Amino acid sequence: MLNINIEKQLGQLQLKVNTQLPLQGVTAVFGRSGAGKTSLVNLLGGLTTPDKGEISLGDTLLFKHKTVNLPPEKRQIGYVFQEARLFPHYSVKGNLTYGMRHKAPELFNKVVSLLGIEKLLSRYPNTLSGGEKQRVAIGRALLTSPQMLLMDEPLASLDLPRKRELLPYLQTLAQELKLPIVYVSHSLDEILQLADHMLVLHQGKMIAQGPLTQVWNSEQMRPWVPLQELSSLLSARIADRHPDYPMTRLLMDDGNQLWVSGQLPPTHKQLKVRIQANHVSVCTEEPKGSSIRNLLQGKIKELYPSDNGEQIQLKIALGKDELWANITPWACDELQLTPGKDIYAQIKGVTMTQMDIAESH
Amino acid sequence: MLSDVLFSGSLFDGPLLSEYETAALLLSLKVSAVAVLASLPLGILCAWLLARVEFPGKAIFDSLLHLPLVLPPVVVGYLLLISMGRQGVIGQWLYNWFGISFSFSWRGAALAAAVVSFPLMVRAIRQSFETVDIRLEQAARTLGSSRWRVFLTITLPLTSPGIVSGMIIAFARSLGEFGSTITFVSNIPGETRTIPLAMYSFIETPGAEYQAMRLCIISIVIALASLLASQWLTKKALKRTASVC
C-alpha cells in the first residue's frame, strides 16, 4: 500500500490528503486544474516537502514530519512530467541510460521495444516530435527500475493525434509491467482507458477514492464533473456480434444487454463501458417503432437538479447497476418522474464507440 | 605616418616576430591563461552562488565582486601591493608558509589580471546559470542522481556556453591589463613586461614608433582571434544546449 497522510499549505490552497492507494495497477488522480494534483505527486516524488504528516511506500518510509525525508534520488520513484524534460545535451540513448545504476541490456531492449523507440536511439531530443519525446521520457523513468511510477498529465501537452499515438503505449505499459502507476489527469477519456483506481481531489481535499467504477458512479463525483461529461461506467462482457450489421452485443453483470457500434475485437476480459448521461433518454411506457436499439428497464433512484436549473440529472437503477440520464425539467414534470417510478431507459447504439469502451486489467 | 609604417616594407622584414616581441607575446598569453584557469573554479562557484542561492549580505557580496570593474586599475594594483606584496599582510604569510611570492614576478601579473577580469567572467557564467531550466535538474534527481551528480552532468554542461564566453572575455581583458600590473609588479622585461607594458615602454622611448606599431598590430590580431574563437565556441556549445526539450 502507498500510505499518504499529509498536509501542505500552497498559497491559498491547503492540500490535505489522508488515504491508502493500492500498489498495483493504475491509480488516476482526477480533479480540475488548481485542485492540487501536481502538488500531490510532487510530494510523493520528493520534489517538495509536506508541512506535516507521513508518506510510506510499502515498507519504506519516505517522509515523516521532522524525522525522515528521503531525497528524490533515494525514493526509487519514477516521474514522467507533463513536458518531457529530456536532457538536450544527451542523445536519446544517453537520456534513457542516465538513471540506470548498472547495465541491464535485457531490460533496456524490452523497454525500448515496448515504447517503439528503437530508431530514435542516436538522435537528439530537439529533433523529436512531442509524442516521441514523451515516449523517451517514459522509457527513461522506467529504466531506473522504480518501485512506482508517477505520471503528471503526460498527454496534456500533446495534440489529439499525438495523444492517440501515445495512449496505446501507456495501456500496454500498464498491463505488461507489474508496476504501480499514479496517473494525474483531468481527462475522463484517458482515465477510462487507463485507470483501475481513482482518487478525486477538489481544492486540495480528497473527495472520493476507490475502484474506478465505484468512484466514477458515486454521488461525490457528480458535482465535480462538467454537466456535459456526466456519465456512468458499467462493467460488461462481449456476448456476440450481430450477424448482419456491424454491431456488438455486450452482456452486463446482471443480464441486461447492450448493443454498441462497431465490431469489437473478441476478448474474454471484463470491459468498462461509458454511457454519457446526455445520450440516455427516458420513457414511462415501452416505446414502439423506435430507432433506438437499447431499451433497458429500470427504476428511478434520485433526481438532482443541475446548478443552473437547465437540466435534471436522473439516477436510474438497472438491477445492481446505476445509470445517469440528463433530461430537461419540462420532460421531468410532464412524465411526473419521482424516485421509485418504473421507467424504460433508451440509449442510442451509435453513441457508444470504442472511445467509450476499455478493457479492465 | 601610419601609411609609412604599413607600406614601408620594413614593418615585417626578417622573422615574423622579433625575440623581444615573442617574449612579450608568450608572457602575455601565459599570464592571461593562468589568470583565467586559476580563477575559473572560484568564478563558477561565485556565479552559482549569485544565480541560485539566497543568503544574507548577497547584495554586498555582489557589489564587492564587481568592485574591480569600476575601480581604477591603479587602485586595484595598489591594494594588491599592500596586501599581497612581500611586505603585505597576506603576501608575507604566503611567503613564510608556502614560499609563494607575487612581488615582481609573472605570478603577480597573473594575479592582477585575474582580479580585474574576475567580475566579467562571473557575470557571463552567472547569466548562463540563470538560464538553465531547474525542471531538468529536478528530473535528474528523480532519475536517482545526487545533487552533486546533477550539477556535474546537467547544470555544468548546460552552462558551458556561458563558461566559454566568460573565459574568453576574461582572457581578452587579461591580455589588455595594464594599470594594476604596472602598479603591483612593475615593468620587468621577460618577467612582467606583457604586450601593453612593452608597448608603453616603446611609446616612452623616442624613435621607437615602428616597434610600438608592430605591437599594436599584434594586439589587434590576438583580440580579433579571441573574439572569433569566442563566437565559434559559443555557437558550437549553444547548438546542443539551447533548445528546450
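Ile300(A) sits opposite Ile316(A), a residue of strand 18 of chain A. That pairing belongs to a predicted model, so keep in mind that everything below is computed from it.

The two isoleucines are part of a longer match. Strand 17 (residues 294-305) of chain A and strand 18 (residues 312-318) of chain A run antiparallel and share 6 bridges. Between these strands of the hairpin come 6 residues, and Gly309(A) has a positive phi near 75°.

Strand 17 of chain A has another partner too. Strand 20 (residues 342-347) of chain A is joined to strand 17 by 6 bridges, again in the antiparallel sense. Here Lys299(A) is matched with Asp342(A) of strand 20. In a regular strand, side chains alternate between the two faces of the sheet.

Chain A holds another hairpin, made by strand 10 and strand 11, with 2 residues between them. Strand 10 covers residues 197-202 and strand 11 covers residues 205-211, and the two pair antiparallel over 6 bridges. His197(A) faces Pro211(A) of strand 11. In the turn, Gln203(A) has a positive phi of about 45°.

What does the record say about chain A? UniProt, in an unreviewed entry, lists residues 1-228 of chain A as "domain: ABC transporter". That span is 29% helix and 28% strand, and its end C-alpha atoms lie 35 Å apart.

Now for chain B, which has 11 helices and 0 strands. Its C-alpha atoms fill a box of roughly 70 × 45 × 30 Å along the principal axes. Of its 245 residues, 43% count as buried. The accessible surface of chain B is about 12900 Å², and 69% of that belongs to carbon and sulfur atoms. Take the contacts in chain B between residues at least 6 apart in sequence: 71% of them join residues at least 24 apart.

UniProt has entries for this chain as well. An unreviewed entry gives residues 25-228 of chain B as "domain: ABC transmembrane type-1". The annotation "transmembrane region", also from an unreviewed entry, covers residues 23-51, 63-84, 104-125, 150-172 and 212-233 of chain B. Here are some annotated spans of chain B, with their values:

| Span of chain B | End C-alpha distance | Helix | Strand |
|---|---|---|---|
| Residues 25-228 | 19 Å | 80% | 0% |
| Residues 63-84 | 22 Å | 91% | 0% |
| Residues 150-172 | 31 Å | 100% | 0% |

Let's zoom in on helix 4 of chain B, residues 73-84. At 1.5 Å a residue, its 12 residues should span 16 Å, and the end C-alpha atoms are indeed 16 Å apart, so expectation and model agree.

Which residues of helix 4 of chain B are buried? They are Val76(B), Gly77(B), Leu80(B) and Met84(B). These residues lie on the same side of helix 4 of chain B because they cover an arc of only 100° around the axis. The general background is that an α-helix has 3.6 residues a turn, so residues three or four places apart point the same way.

And what do the buried residues of helix 4 of chain B pack against? Their neighbours in chain B are helix 3 (58-70), helix 5 (89-98), helix 6 (106-131) and helix 9 (179-185).

Technical notes. Residues numbered from 1 in each chain as written. Chains lettered and ligands numbered in written order. Heavy atoms only, no water. Helix = DSSP H or I, 4+ residues; strand = E, 2+ residues; numbered from the N terminus. Expected span 1.5 Å × (residues − 1). Buried < 20%, exposed > 50% of the residue type's maximum accessible area, 1.4 Å probe, protein only. Arc of directions from axis to C-beta. Contact = heavy atoms within 4.5 Å. UniProt positions renumbered as here; feature names shortened; annotations may be inferred. Pairing = 2+ DSSP bridges. Areas by Shrake-Rupley, 256 points an atom, 1.4 Å probe, with all protein chains shown as cover.
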